[in-house]
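Hi,

Here is the structure I promised to pass on. Have a look at it first, and my notes follow below.

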Amino acid sequence: MVQPIKLYSVPTPNGVKVSIFLELLKLPYEATFVDISTNEQKSDWFVKLNPNGRIPTIVDPNFKSGPVAISQTGAILQYLADQYDTDHKYSYPQGTAEYYKTLEYLIFQVSENGPIQGQLNHFKIYAPEKVPYGITRYENDTKRIYGVYEDILSRNSANGNKYLVGDRYTVADIALFGWANFLSKVDIDINQWPLLGKWFSAIKELPGVEKGLTIPSKP
């Protein structure tokens, strides 16, 4: 019997990646809200789980050698896919070309899309003073990155597919969706990229996605 996975998170662009994937996999989990507005993620109890002091983090009591704590969204998503998506509904078998393309696009999201769009969020929404150079720089690069994703979808659509990799949604899609869902907050319309617009709408309609976007709710 699978014990509930513990999720420590906030419904931010990074946080919702994990809650959405847990919902899609239909895994039992218990979500704890970490109040980043008070720097709770830097408290001793949380740093023991994640030395970097950032959300999200999971603790899986079901791991074969005992409970394991995993942080960093790319690592969490890949871990959940490897451990629990054994029928490969949202993944591909290790060693296949599709497995490594999924890993490529997952790393692209966490190393480039997330950090660049995160800087745009900061300069456009949260910075105490508006810095036009910072806003322009990161807005242009964010749009460039989504243009790359449009190209990726275009290449895969040549084979009759509507996903980033092969013939199914993977952790690469889920990782990107968390940030794509926040584009409207910085006044960027995802529908300016036609394939991405359709891709985004289709993912929002998957059972569990809307719920995942709200977890964990603030107490």
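Before the helix packing, a word on geometry: axes are lines fitted to C-alpha atoms, for helices over the stretch in contact, and angles run from 0 to 180 degrees between N-to-C directions. Helices (H or I, at least four residues) and strands (E, at least two) are DSSP runs, numbered from the N terminus.

Do keep in mind that this is a predicted model, where local features need pLDDT of at least 70, side-chain atom pairs count only at pLDDT 80 or more, and totals for chains, interfaces and linings use all residues. Residues are numbered from 1 along each chain as its sequence is written, and side-chain values use heavy atoms, with hydrogens and water left out.

**Helix 4 against helix 6**

Helix 4 (residues 97-126) packs with helix 6 (residues 171-180) at an angle of about 5 degrees, and their axes are 9 Å apart. The two helices are therefore roughly parallel to each other (angles under 35 degrees count as roughly parallel, over 145 as roughly antiparallel, 65 to 115 as roughly perpendicular and the rest as oblique). On the helix 4 side, the contact (heavy atoms within 4.5 Å) includes Thr102, Tyr105, Leu106 and Gln109; helix 6 brings Val171, Ala172, Ala175, Leu176 and Trp179. Sorted by class, there are seven nonpolar, seven polar and no charged residues in this contact. For that count, Ala, Val, Leu, Ile, Met, Phe, Trp, Tyr, Cys and Pro are nonpolar, Asp, Glu, Lys and Arg are charged, and the others, Gly among them, are polar.

Helix 6 has 10 of its 10 residues buried, so it is largely enclosed by the rest of the structure. Buried here means under 20% relative accessible area, exposed over 50%, and partly exposed in between (1.4 Å probe, protein chains only). Those buried residues pack against helix 1, helix 3, helix 4, helix 5 (132-157), helix 7 (194-204) and helix 8 (209-212).

One residue to click on is glutamine 109, which lies in helix 4. It counts as buried because its relative accessibility is 0%. Apart from neighbours within four places in sequence, glutamine 109 is in contact with Lys17, Gly114, Pro115, Tyr149, Ala175, Leu176 and Trp179. The C-alpha atoms of glutamine 109 and tyrosine 149 are separated by 9.8 Å, although the two are 40 residues apart along the chain.

**The sheet**

There is an open sheet of four strands in the order 2-1-3-4, with mixed pairing (two strands pair if DSSP finds at least two bridges between them). Its edges are strand 2 (29-33) and strand 4, each pairing on one side only. From one strand to the next, the twist averages 20 degrees. Helix 1 (residues 15-25) packs on the sheet and touches strand 1, strand 2 and strand 3, and its direction makes about 155 degrees with that of strand 1. Helix 3 (residues 73-84) also packs on the sheet, touching strand 1, strand 3 and strand 4, with a direction at about 130 degrees to that of strand 4.

Going through the pairs:

- Strand 1 and strand 2 run parallel and are joined by five bridges; isoleucine 5 stands opposite tyrosine 29 in strand 2.
- Strand 1 (residues 5-9) and strand 3 run antiparallel, with three bridges; lysine 6 has valine 59 of strand 3 as its bridge partner.
- Strand 3 and strand 4 (residues 68-71) run antiparallel, with four bridges; isoleucine 58 has isoleucine 70 of strand 4 as its bridge partner.

In strand 1, four of the five residues are buried. Strand 3 (residues 57-60) is covered on both faces: Thr57 and Val59 are buried on one side, Ile58 and Asp60 on the other.

As for helix 1, 11 of its 11 residues are buried, so it is largely enclosed by the rest of the structure. Just after helix 1, lysine 26 takes a positive phi of about 60 degrees.

**What the record says**

UniProt (unreviewed entry) places "domain: GST N-terminal" at residues 2-88. That span is 31% helix and 21% strand, with its end C-alpha atoms 18 Å apart. The same kind of entry puts "domain: GST C-terminal" at residues 95-219, where the chain is 65% helix and 0% strand and the end C-alpha atoms are 43 Å apart. UniProt positions are in the numbering used here, feature names are shortened, and annotations may be inferred rather than shown by experiment.

Cheers
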